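Visitor: Before we begin, could you take me through this protein and tell me what each label rests on?
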Amino acid sequence: MLPFVRNLIAPSILAADLARLGEEVDLVTPYVDLIHVDVMDGHFVPNLSLGIPVIASLRKTTDLKLDCHLMMQNADRYLPEFREAGADSVTVHIEVYPDPRPVAQAARDVGLEVGIAFNPPTEFSEVEPFVELCDMLLVMSVHPGFGGQAFIDDSLRKVEEARNFVESHDLLTDIEIDGGIGPATIGKAKDAGANVFVAGSSVFGQEDPVAAVLELQRLIESRESR
Ligand code: DX5
Ligand code: ZN
C-alpha cells in the first residue's frame with residue numbers, strides 16, 4: 001500500500017442512540033477521524049433517517065470531519081444548507097446523478113468535498129469516468145437504507161477495481177466501504193483496497209463503542225503488517 005493512503009474508521013451515527021448523540025460521538029472522538037452521517041429521504045431509499053438540523057447540532061459538539069452520505073433524490077437543492085450546517089463532505093449516488101459533474105461542481109462551489117457512491121447492482125465502470133472529480137468513492141456493501149445488514153461479498157471485487165484504477169492513475173481518492181463492516185469483514189475490505197471503513201452497528205450498536213473501534217483498528221493494522 002502506498003504511504004499516503006490513510007486508513008480511517010467512520011462510525012455511522014445511524015446506529016447511535018440519537019437521544020444521547022453528543023455523548024456517543026464524544027466517546028469515540030479521540031479514536032476516529034470522521035463521523036459518517038446517513039441522510040435518507042424515503043424516496044431513493046425506503047427509509048427516513050436524519051438531516052440538516054442534526055448535522056448542525058453535531059457541528060456544535062465535535063471538530064471531527066462530518067462525512068455526509070446523501071441517500072436522496074434532490075441533494076443538489078440543499079448543498080448550501082448542508083455546508084452552512086457544518087458538513088465537510090457530501091457523497092451523492094451515481095444512481096441519482098448518472099452524470100455527477102454538475103452536482104460535484106456545485107458542492108465544491110460551496111466548499112464541500114465530494115464523494116460518489118454506487119450501490120450493489122451498479123458496476124465500477126459507471127463511476128469510472130468521474131473518479132478524478134471526487135475526493136472519495138463509496139462502495140456500498142449492502143443495499144442502502146438500513147443499518148445492520150449482512151455484508152455483500154461481491155462488493156470486494158468493486159473495491160479492487162476502484163483501488164486498481166486509483167493507483168494506476170496516481171490519484172489520492174479515498175475508497176470508502178459502507179455496510180456490514182465489522183470484525184468479520186473489515187480485514188477482507190482492507191485487503192481489497194478500501195481505506196475508509198463505515199461502521200454503524202459494529203461500533204454504536206456495541207456496549208463499548210471505544211473498544212469496538214480499537215478492535216477494528218487493530219484488525220486493519222494486523223493486515224498492514226502481513
Ligand atoms: C446504510 C447506510 C450505512 C449504515 C451502515 O444504508 O449507508 O452507513 O449506517 O450500517 P452498518 O454498519 O450497521 O451496516
Ligand atoms: Zn452510509
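**Contacts, compactness and cysteines**

Guide: In the protein chain, 64% of the contacts between residues at least 6 apart in sequence join residues at least 24 apart, a contact being heavy atoms within 4.5 Å. This is a predicted model, in which local features need pLDDT of at least 70 and side-chain atom pairs count only at pLDDT 80 or more, while totals for chains, interfaces and linings use all residues. Residues are numbered from 1 along each chain as its sequence is written, and side-chain values use heavy atoms, with hydrogens and water left out.

Visitor: Why is the protein chain called as compact as a globular protein of that length?

Guide: Its radius of gyration, taken over C-alpha atoms, is set against the globule rule, 2.2 Å times the number of residues to the power 0.38. The value is 16 Å, close to the 17 Å that the rule gives for 226 residues, so the description holds.

Visitor: How do you know that Cys 134 is not bonded to Cys 68?

Guide: A disulfide is a pair of cysteine sulfur atoms within 2.5 Å. The sulfur of Cys 134 is 16 Å from the closest cysteine sulfur, in Cys 68, and is therefore too far for a bond; the structure holds zero disulfides.

Visitor: What makes Cys 68 and Cys 134 buried?

Guide: Buried means under 20% relative accessible area, exposed over 50% and partly exposed in between, with a 1.4 Å probe and protein chains only. Cys 68 has 0% and is therefore buried, and Cys 134, with 7%, is buried as well. Of the 226 residues of the protein chain, 53% count as buried.

Notes
Chains are lettered from A and ligands numbered from 1 in the order in which they are written.
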